[in-house]
Amino acid sequence: MAKLVLTTFLTLDGVMQAPGGPEEDREDGFAHGGWLFPFADEEFGALMNAVIGRAGAFLLGRRTYDIFAGYWPKATDPEDPIAVPLNALPKFVASTTLRDPAWHNTTVLTGAAPGGLAGEVAALKDRLGDTEIQIHGSGALARALMPHGVIDEYHLVTAPVRLGTGHRLFPEAGPPTAFHLAGTRTTPSGVTAHTYRPTGPASFGTF
């Protein structure tokens, strides 16, 4: 069965909205887009190249898919370690409105199958076999899948900045969940990458 890994950029206060630029996502009047850029040093680039290099397929929400599809098909350098896999590997996009995706090798998941979107993703993991399916960004998609336990790893790349406003990765509601820290890395600019695997319900006690 394939492993489903969520990679997302976060601030110290958990904001994931528009890390890449001011115009990436202004929903709800968000005015702090591009907050990741000051911390994108050479080691950060190497980190992301390594992440993308593990991918066997990509699963994206509609907003992230549109951002990627508007840029990466135009990146045609055959040595580009991110463009090459993104353009060549299978891509799956969760959408009820996308009908005819133009980006090569894209399949739309509508959530209409038994079990809804989570059921479709579980079936996809089973069908693709021993590989890594990667979710990048795609906050609404991630939040929709979290309660169903189909995300196997959370790769959280956190920049040393606090914004105070913006869309956050984890919803306020949802089952308390414990995680195992499976890996960590820090770049010279202060970006930390932590890989967590859910281990089941959170436990509680008293000191």
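These are my notes on the pockets and the sheet of this structure.

**Entry 1: what I'm looking at.** The model is predicted, not experimental. I went for the pockets, then the sheet.

**Entry 2: largest pocket.** I looked up its volume and got about 1200 Å³. Its lining takes in 44 residues, and Pro-19, Glu-24, Thr-64, Phe-68 and Gly-137 are the closest to the centre. Next I checked which elements feed the lining: strand S1 (3-10) and helices H1 (42-53), H2 (62-69) and H5 (139-145) each give at least two residues. Sorted by class, I have 21 nonpolar, 17 polar and six charged residues in that lining.

**Entry 3: second largest pocket.** This one comes out at about 360 Å³. I find 15 lining residues, with Met-146, Tyr-154, Pro-175, Thr-177 and Phe-179 closest to the centre. The class split here is eleven nonpolar, three polar and one charged.

**Entry 4: the sheet.** What is the strand order? I read S4-S3-S2-S5-S1-S6-S8-S7, an open sheet of eight strands with mixed pairing. The edges are strand S4 (106-109) and strand S7 (177-186); each has a single partner strand, so one side of each has no neighbour in the sheet. Ignoring direction, neighbouring strands are turned by 25° against each other on average.

**Entry 5: S1 and S6.** S1, already noted for the largest pocket's lining, runs parallel to strand S6 (residues 153-158), and six bridges join the two. For a concrete pair I picked Leu-10, whose bridge partner in S6 is Thr-158.

**Entry 6: H2 on the sheet.** H2 packs on the sheet and touches strand S2 (57-61), strand S3 (91-94), S4 and strand S5 (132-136). Its direction makes about 115° with that of S2. H2 also turned up in the lining of the largest pocket, so I flagged the helix for both topics.**Entry 7: a closer look at S2.** Is S2 buried or exposed? Five of its five residues are buried, so the strand is largely enclosed by the rest of the structure. Ala-57, Leu-59 and Gly-61 point one way, while Phe-58 and Leu-60 point the other. That fits the textbook picture, where side chains in a regular strand alternate between the two faces of the sheet.

**Entry 8: partners of S2.** S2 pairs with S5 in the parallel sense over two bridges, and Ala-57 stands opposite Ile-133 there. S2 also runs parallel to S3, with four bridges joining them. On that side I noted Gly-61, which has Ala-94 in S3 as its bridge partner.

Technical notes
Residues are numbered from 1 along each chain as its sequence is written. This is a predicted model: local features need pLDDT of at least 70, side-chain atom pairs count only at pLDDT 80 or more; totals for chains, interfaces and linings use all residues. Side-chain values use heavy atoms; hydrogens and water are left out. On a 1 Å grid over the protein atoms alone, a cavity is a set of points where a 1.4 Å probe fits but cannot get out, and a pocket is an open set with protein on both sides within 12 Å along at least five of seven lines; lining residues have an atom within 4 Å of a point. Grid points are joined across faces, edges and corners, and a volume is the space filled by probe spheres set on the points. Ala, Val, Leu, Ile, Met, Phe, Trp, Tyr, Cys and Pro count as nonpolar, Asp, Glu, Lys and Arg as charged, and the others, Gly among them, as polar. Two strands pair if DSSP finds at least two bridges between them. Axes are lines fitted to C-alpha atoms, for helices over the stretch in contact, and angles run from 0 to 180 degrees between N-to-C directions. Contact means heavy atoms within 4.5 Å. Buried means under 20% relative accessible area, exposed over 50%, partly exposed in between (1.4 Å probe, protein chains only).
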